[in-house]
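Here are my notes on this one, written as numbered points so you can check each against the coordinates. Shout if anything looks off.

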Amino acid sequence: MLSDYTAHSNCRGVRILDQQALKEQVAAAAVEHVANIYSNKLVLGIGTGSTAECFIRGLVGLRGRIETTVASSERSAVLLAELNIPVTDLNSVSELDAYIDGADEANESLALIKGGGAAHTREKIVAAVAKQFICIADESKWVETLGSFPLPVEVIPMARSYVARELVKLGGQPVWREGVVTDNGNIILDVHGLRITDPCKIETNINQLTGVVSNGLFAHRPADLLLLGTNSGVEERVASA
Ligand code: 5RP
C-alpha cells in the first residue's frame, strides 16, 4: 500500500512518486509475484537494504505460505524474526525458490552493482542457491553503463592497503568505507571512477586479487527478472539478448 504523503503532482497534474514510494510499490509487486508464481510453501532468499525491507514487511501478509527464509544479512534476519517470519541458516536448505533483493545499479543485461549496504558477499551466496533471482529497484537504479555508483569490494582487513593499490592499477579510485565492518568481519573499499563496459571481466579480475572476499558486481550471476518501480507503474524486465 503506497503512503499518500510520498506522492505529489507535477505542473501538469501528473502524480509523481518519490523514491521511497517507488520502493514500496515495487516491493508490493514482488510480494504479489512470489505469491502467484509459486504454488507450494515458499522457501525464499531475502536481500538487504531499504527496498528489501519494504519487501520483508510485505511478506507479513504471506506468512502462512512461507516455509522458511534465508537472510543475506544479520539486519534482515532480525527484521524477519521481529515480524514472526521463519528464518533459518543457509546450510539448512538445499535450494531456494527465489532470491529477492534490491540493487544500486542495473543494466539491460540485468548485471548489477550491489553492496551499498555492505552485504554483497552474503547476497551473492544466497543468490547462488536460488532458482530465480528477482531484483527489485526504483527507476533511479537503471543505467546504461555500470560504474557511476562506486563498486563495493569486501576485503580482509590486513589486505586493505595492498588491495587498494591493486585497484588503482585496474583504473579505479578506492575509498575505504571507514567505520563499516561487514557481517563477515571485513572492511569495504568503494571503487570510484570505473566505467564498467565488460562487467564479467571486471568482476573476475577484482575477485582474483588476493585479500578480496568478493566485489559487488553481479555479472556472472545477474538477476533473472528485474521489477522496476517507475512513475507509470512497475515494469518487468528480463535480460536483453
Ligand atoms: C545491500 C545492497 C542493496 O540491495 C543495495 O544497496 C540497494 O539498497 P536500497 O534498496 O536501500 O536502495 O546491495 O548490500
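**Notes on the two sheets and their cores**

1. Let's start with a pairing in the middle of things: strand 3 and strand 4 (residues 66–71) run parallel and are joined by five bridges. If you want a register check, Leu44 stands opposite Thr69 in strand 4. Keep in mind throughout that this is a predicted model.

2. On its other pairing, strand 3 runs parallel to strand 5 (residues 96–101), with three bridges between them. Leu44 serves as a marker here too, standing opposite Ala98 in strand 5. As for the connection, strand 3, helix 2 (residues 50–58) and strand 4 form a β-α-β unit, and it is right-handed.

3. Is strand 3 enclosed or open to the outside? Five of the five residues in strand 3 (residues 42–46) are buried, so the rest of the structure largely encloses this strand. Looking at directions, Leu42, Leu44 and Ile46 point one way, Val43 and Gly45 point the other way, and all are buried. That fits the textbook pattern: side chains in a regular strand alternate between the two faces of the sheet.

4. Zooming out, these strands belong to an open sheet of six strands, ordered 4-3-5-8-14-15, with mixed pairing. Strand 4 and strand 15 (233–237) are the edges; each has a single partner strand, so one side of each has no neighbour in the sheet. On average, neighbouring strands here are turned by 20° against each other, ignoring direction.

5. Further along that order, strand 5 and strand 8 run parallel and share five bridges. Tyr99 stands opposite Phe133 in strand 8. Helix 2 comes back into the picture at this point: it lies across strand 3, strand 5 and strand 8, and runs at about 110° to strand 8.

6. What about the hydrophobic packing? The largest nonpolar core has 27 residues, and those with the most contacts inside it are Val34, Leu44, Phe55, Leu59, Ile100, Ile134 and Ile136. Elements giving two or more residues to this core include helix 1 (19–37), strand 3, helix 2, strand 8 (130–138) and strand 14 (225–230). Helix 1 makes the largest contribution, five residues. As background, nonpolar side chains tend to be buried together in soluble globular proteins.

7. Ile136 is a handy residue to click on in that core. Setting aside neighbours within four places in sequence, Ile136 is in contact with residues including Val26, Ala27, Ala30, Phe55, Ile100 and Leu227. Its contact list also has Thr51, Asp101 and Gly102 among others. Apart from this core lies another, of 21 residues, among them Ala111, Val153, Val191 and Leu217.

8. Now the other sheet. This one is open too, with four strands in the order 10-11-9-12 and antiparallel pairing. Its edge strands are strand 10 (173–176) and strand 12 (212–215), each pairing on one side only. Neighbouring strands are turned by 30° against each other on average, again ignoring direction.

9. Strand 9 is worth a look within that sheet. Strand 9 (residues 151–155) pairs with strand 11 (residues 187–192) in the antiparallel sense over five bridges, and three bridges join strand 9 to strand 12, also antiparallel. For the register, Val153 has Leu189 as its bridge partner in strand 11 and Asn215 in strand 12. Pro152, meanwhile, has Asp190 as its bridge partner in strand 11.

10. Strand 9 is mostly covered, with five of its five residues buried. Leu151, Val153 and Val155 point one way, Pro152 and Glu154 the other, and all are buried. Note that Glu154 is in that buried set.

11. Two helices go with the four-stranded sheet. Helix 4 (residues 120–129) lies across strand 9, strand 11 and strand 12, at about 70° to strand 12. Helix 6 (residues 199–207) packs on the sheet and touches strand 9 and strand 12, with its direction making about 165° with that of strand 12.

12. Last, a loop residue. Where does Val87 sit? Val87 is in the loop between helix 3 (74–82) and strand 5, and at 32% relative accessibility it counts as partly exposed. Beyond residues up to four places away in sequence, Val87 touches Thr68, Thr69, Ala71, Ala77, Leu80 and Ala81. The C-alpha atoms of Val87 and Ala77 are 6.6 Å apart, although ten residues separate them along the chain.

Key. Residues numbered from 1 in each chain as written. Predicted model: local features only at pLDDT ≥ 70, side-chain atom pairs only at ≥ 80, totals over all residues. Heavy atoms only, no water. Buried < 20%, exposed > 50% of the residue type's maximum accessible area, 1.4 Å probe, protein only. Pairing = 2+ DSSP bridges. Right-handed = clockwise from strand over helix to strand, strands pointing away. Axes fitted to C-alpha atoms, helices over the stretch in contact; angles between N-to-C directions. Contact = heavy atoms within 4.5 Å. Core = buried A, V, L, I, M, F, W, Y, C linked by side-chain atoms within 4.5 Å.
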